[in-house]
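Me: I'm new to this one, and I'd like to learn how to read it. Could you walk me through it a feature at a time?

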Amino acid sequence: MSNVLLQYLTVLILTAFVGTEIIAKVPSILHTPLMSGSNAIHGVILVGSMLILGGATSNLQEVLGFLAVILATLNVVGGFVVTDRMLEMFKPRAKPTAPTSDEVTK
Amino acid sequence: MSRETLIDLLYLFSATTFILALKGLGSPKHARRGNMVAAFGMLVAVVATFFKYVDGHSLHHLWLILLAMFIGVIIAVPTARFVKMTAIPQLVAIFNGVGGGAASLVSLTEFIHVKSTHPATYVILEVLLGVLIGTVSFAGSAIAFAKLQELMTGRPVTYPGQQVINAIVGLAALALIVTILVTASTTLLWVLLALSFVLGVIFVLPIGGADVPVLISLLNAFTGLAVAASGFTLGSNLLIVAGVLVGASGILLTRLMSKAMGRSLSNVLFSAFGSVVTASGATTREDGRSVRSGTPEDIGILLGFASRVVIIPGYGLAVAQGQHVLRELAELLEAKGIEVFYAIHPVAGRMPGHMNVLLAEANVPYEQLLELDEANSELATADVALVVGANDTVNPAATDDPSSPIYGMPIIHADLAENVVFLKRSMRPGFAGIENELLYNPKTTLVFGDAKDTLTKMVAAVKAN
């Protein structure tokens, strides 16, 4: 086993602990935004996809890499936008809310 | 400092923002900023990658990369912006699926790329895991999307010998992995890709609509692990950190979700839960007991004279788009000095916390939302439990009837309140397909009709009194 592999395994193990520790304290009302937010974070595969397309040396690799960049962009952009849209709606009560347009005013 | 070191430092910065973002998501106050921080970190990582060298040269096909990104952005932004909030679970499923697909393609392409250099066995193993997990996540998410979008039946799809067939496909995939490890055959890798796709589909088919959220959470974790596998192949700490973070959090979240339903994860995944519809859908049962129905006006008056009301919303409320009218009703009652709370079951809606998101959209302050235990203690002294579009989450069979498929699931004890009011479209059973004894309880009044219409009439009735 090479030293590089060992270094990656170290990162893997430590991150697994960090991941579970941080998540354990999230209140259940934030579970959906959490799932959506972590969904956006694994969109980091975009970086891998760029490297693949940027290093492509055959037509097949170019086609696969091109597809990968599209899919990964969908993941990362869609993920962050949806999460932001959800979180936008968590407002504390203290702020007086302006009447919304669909509210029946009498 | 060399160019590569600088880029790696920027990657380290990005990885740190991802961890901070997940931490921020732990409180409503910091959640939105946390998400922004991660988005910024992602932007830094992507920009830095443009300056990276691959195989000793700068990135080729720059215009292709930019074109692909442009295509991704013009599809993703409008979709994410304008899809209705009730459709969020589908959206998360599909954005997760494409991520899994991308991870699978990255692993596959990297294998083709480095194959001529005779990579070490562990490199091939990383590739195979990336392709397998990523493709299962892609195919599984596509089926989950189809189920939630009602493009196909939400009921479990079962056929004779299903478990055996699934086991055989799974074993075939394993055998194929071992073979490829020895032969390093590209052709067989394509076969593995196809087989993983089939595996993803048949794995998800027997899972019923009510359990799909748990499944999406699991597939989200899968994609994370596939990304981590790609990270090993490409030698990228950033991908490993981000992938493992998501993998670890996703698995924990999945377990929390199955626990909220009082079931084990394996029960959720393999029992084809909800395939048998046990409810008859009739208003009179064989033993002669029937339900009592009332008009929205009756209920309006009942609410007007209550001193404590607990609202129990379910997915039916969201389908009818009745959240805003419901909030208006609650505000009217509060103006009369009546205490109003919302009791939120962990799996109300179609994802944990989905109902909170839907109510937040209607400007319901989150201080009024009670979690399960709090809600049940409030209900003991409540005058009215108003169940709007929920069914399975208040079904007493979960505590009373050991033969019921939902036995053991924690529920909201609506039956503790003085009066129970159900707003329902029809006598059809809930998502899990199980009859609800509470509908026949003498305390219970049913109001049939579209939840939004009924609530609007109730608002008028409360105002008139």
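Reply: Sure. Let's begin with a single residue, A:Val69, which is found in helix α4 of chain A. Keep in mind that this is a predicted model.

Me: Is A:Val69 buried or exposed, and why?

Reply: The idea is to count the C-beta atoms around a residue: 20 or more others within 10 Å makes it buried. A:Val69 has 30 other C-beta atoms within 10 Å, so it counts as buried.

Me: Which residues is A:Val69 in contact with, leaving aside its neighbours within four places in sequence?

Reply: In chain A, A:Val69 is in contact with A:Leu46, A:Ser49, A:Met50 and A:Leu53. In chain B, its contacts are B:Ile65, B:Ala68 and B:Met69. Sequence and space tell separate stories here, too. A:Val69 and A:Leu51 are 18 residues apart in sequence, with 9.5 Å between their C-alpha atoms.

Me: A:Val69 has contacts in both chains. How many residues of chain A are in contact with chain B?

Reply: There are 81 residues of chain A in contact with 97 residues of chain B. On the chain A side, α1, α2 (31-41), α3 (45-54) and α4 (59-87) each supply at least two residues. The largest share comes from α4(A), with 27 residues. By class, this side of chain A has 47 nonpolar, 26 polar and eight charged residues.

Me: How do I read a helix such as α1(A)? How many residues does it have, and how far does it reach?

Reply: Compare its end-to-end reach with what you'd expect for its length. Helix α1 of chain A covers residues 3-23, which is 21 residues, and reaches 30 Å from its first C-alpha to its last. That is close to the 30 Å expected at 1.5 Å a residue.

Me: And which residues of α1(A) are buried?

Reply: Here's the general idea. An α-helix has 3.6 residues a turn, so residues three or four places apart point the same way. In α1(A), the buried residues are A:Thr15, A:Gly19, A:Ile22 and A:Ile23. Looking down the axis, these buried residues fall within an arc of 75 degrees, so they line one face of α1(A). They pack against α1 (3-24) and α9 (237-260) of chain B. The face turned away from the buried side carries the exposed residues A:Asn3, A:Leu6, A:Thr10, A:Ile13, A:Leu14 and A:Phe17.

Me: What about cores? Which residues of the largest nonpolar core touch the most other members?

Reply: In general, nonpolar side chains tend to be buried together in soluble globular proteins. In this model, the largest nonpolar core has 182 residues. Those touching the most other members are A:Val44, A:Val69, B:Ala242, B:Val310, B:Ile312, B:Ala385 and B:Val387. Domain 1 (3-270) and domain 2 (296-464) of chain B both give residues to this core, so it lies between them. You'll recognise A:Val69, our starting residue, in that list. Another member is B:Ile312. Beyond its neighbours within four places in sequence, B:Ile312 has contacts including B:Ala343, B:Leu386, B:Val388 and B:Ile412.

Me: How far apart are the two domains of chain B, and how many residues does each give to the contact?

Reply: The C-alpha centres of the two domains lie 37 Å apart. Domain 1 gives 14 residues to the contact and domain 2 gives 17. On the domain 1 side, α4 (88-114) and α9 of chain B each supply at least two residues. That side divides into ten nonpolar, three polar and one charged.

Me: How much of α4(B) is buried?

Reply: Of its 27 residues, 25 are buried, so α4(B) is largely enclosed by the rest of the structure. From first C-alpha to last, α4(B) reaches 39 Å.

Me: One last feature: what is phi at B:Ala184 and B:Asn363?

Reply: Most residues other than glycine have a negative phi. B:Ala184, though, has a positive phi of about 50 degrees. It is found in the loop between α6 (162-183) and α7 (186-204) of chain B. With 17 C-beta neighbours inside 10 Å, B:Ala184 counts as partly exposed. For B:Asn363, phi is also positive, near 65 degrees. B:Asn363 is in the loop between α14 (354-361) and β5 (369-370) of chain B.

Key: Residues numbered from 1 in each chain as written. Chains lettered and ligands numbered in written order. Predicted model: local features only at pLDDT ≥ 70, side-chain atom pairs only at ≥ 80, totals over all residues. Helix = DSSP H or I, 4+ residues; strand = E, 2+ residues; numbered from the N terminus. Expected span 1.5 Å × (residues − 1). Buried ≥ 20, exposed ≤ 12 C-beta atoms within 10 Å, placed from the backbone. Arc of directions from axis to C-beta. Contact = placed C-beta atoms within 7 Å. Core = buried A, V, L, I, M, F, W, Y, C linked by C-beta atoms within 7 Å. Domains from an automatic or database assignment. Nonpolar A, V, L, I, M, F, W, Y, C, P; charged D, E, K, R; others polar.
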